[in-house]
Structure formats: C-alpha cells, structure tokens
Amino acid sequence: MNLYFNQSLAKNYNSKPQIIRVLSEAWVKDNGYCPNCGIQPLAEFGNNKPVADFYCAACAEQYELKSKQSKLSNIINDGAYATMLARINSDDNPSFFFLTYSQEYRVNNFLIIPKQFFKPDIIIKRKPLTASARRAGWVGCNIDLRRVPETGKVFLVKDQQVIPRDSVTQQFQKTLFLRQQSITSRGWTLDVWQCIDRLGDKFSLQQVYAFADELQLKHPDNNHVKDKIRQQLQVLRDKGIIEFMGRGQYRKLS
C-alpha cells in the first residue's frame, strides 16, 4: 500500500477542498479495499450520491469518505444534519472511512467505522447558518467518534503503519451481529459497550452497574436497567467481545 497521494492528479485544480477530494478519493480507489470481504478495488458512486462515495461490487457494502489534514480527532465535521440522519436510519446506510494525512500528503490514519455503530446520538446538530450567510438557515452536523466503542474503530492504516488485511476483515466481521438487532436492542448493546470501554481490561458487574443512572437517562422508558445491563453483558459475551470469568468478573477479549 502506497501511503502517498498522487499529487499530479490535482494539477488542474486551484481550490484546496477540490484538490483534497480528488487526491484522497484517488488514493482510496488505488489503495483501498472492502474491509468486509477484502475485495480490491472499490467501485465509485456518481457525484450525486447523497452520502456514499464507494461501494464493493462483490458484497454491496457502501462507504463514505471523510478526509482531513491533521491528527485524528474525536469530532468530524460533516454535511447536512437532516440528510445524515435520514441516511443512517435507512436500510442502505454507509459505513464511514476516515482518512487523515500529513502536510506532505502522506496518509497518517485510515480507518472505517462500520455502519452498525451509527445511531442518532452520534450525529451532533450544529447551529443554523446566520441570515447573512450564503446558505442562511442551513443546518450542518458533526460526527462524535467518542460515542463509538473502540472495537468499532477498524484501522486499515494506523500512525502510518499498514494493518494486515486479514486482521482488518476479522475485526470488521466480528461486530456484524449488531446489524441483526433492532434499533432499540442495538442502542442498548452499544450504550453498555461504551460503558465497558471506560473500564479496565478486567471489570466487575458492580462496576458496570455504576453506570445505571447514566443508562437510565438514555433509556427513560425502561425501569429495569440492571436487568438490561446483565442481558447486554451476556450478548457481548456470546459474541466474543468479553469473557465471563465467574463470580461477577469479566475481561475484555482482543
């Protein structure tokens, strides 16, 4: 995998956003592959696709690309709030590639967050543009990566180091079970999973119970939060995310 952009492709462009779009999309087309099935190359959608940029012709996975010059941050600027919400709630919502690059146009990080980790509270609504703006009243959004469990951040390149393709596809496929859940069930699984991420590699049921009030706020209609916590720990155990060690003790699996 060549980590450098082919800068010659942008010689006819003057706008920095256009240059980055051309270079980054070309890099993904030449070097990227489908994290779900490993097929290379990815195919490109037409320019009028509302969210997605690429798709896999073999397994039909869809991908949207976000590129930025800087370190990988937790908050990613995105487009129209309503469009993004509608897209992630649809049956064919995309997974998201996030690419960061250096001043020398070298890829620093290239990761994917599979679509099953996107739920409405990860999309943060921005304030409408002011009346004096060219697009007055337009409402954009940010993507808050802090609300994604660490297992949901699948790196293809991390700190300029290429991750083996087999490891990428294995990590990607490990969480596909979330797609079989209802929106409500998936929300509970992800919320408990995020709580576990804030604990050490080994943790107790009582430590997870400490998040009960926080989870109650997220799920005000449920009056049996501790029961739901135990249920979701069992789901994560059955799917190989955590291991039950006995006597209310658990450990995370790599």
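**Note on aromatic contacts**

1. At 0% relative accessibility, phenylalanine 97 counts as buried, because the cut-off for buried is under 20%. The model is predicted. Tyrosine 63 is buried too, and its relative accessible area is likewise 0%.

2. Phenylalanine 203 and tyrosine 250 make a stacked aromatic pair. Their ring centres are 5.5 Å apart, and the planes differ by 10°. Distant parts of the chain are linked here. Phenylalanine 203 belongs to strand β11 (residues 202–204). Tyrosine 250 belongs to strand β13 (residues 249–252). The two residues are 47 apart in the chain. Both phenylalanine 203 and tyrosine 250 are buried.

3. How many aromatic pairs are there by this rule? The count is twelve. One of them joins tyrosine 63 and phenylalanine 97, and this pair is stacked. The distance is 4.8 Å centre to centre, with 25° between the planes. The pair also connects distant parts of the chain. Tyrosine 63 lies in strand β3 (residues 62–69). Phenylalanine 97 lies in strand β5 (residues 95–101). They are 34 residues apart.

4. Which residues do ring pairs link into a cluster with Tyr63 and Phe97? Trp27 and Phe110 join them.

5. Two charged side chains sit over rings. The charged end of arginine 135 is over the ring of tryptophan 138, 4.3 Å from the ring centre. Lysine 158 places its charged end over the ring of phenylalanine 155, with 4.9 Å to the centre.

Technical notes:
Residues are numbered from 1 along each chain as its sequence is written. This is a predicted model: local features need pLDDT of at least 70, side-chain atom pairs count only at pLDDT 80 or more; totals for chains, interfaces and linings use all residues. Side-chain values use heavy atoms; hydrogens and water are left out. Rings of Phe, Tyr and Trp (its six-membered ring) pair if their centres lie within 6.5 Å; planes under 30 degrees apart count as stacked, over 60 as edge-to-face and the rest as tilted. Helices (H or I, at least four residues) and strands (E, at least two) are DSSP runs, numbered from the N terminus. Buried means under 20% relative accessible area, exposed over 50%, partly exposed in between (1.4 Å probe, protein chains only). A charge sits over a ring if NZ of Lys or CZ of Arg is within 6 Å of the ring centre and within 35 degrees of the ring normal.
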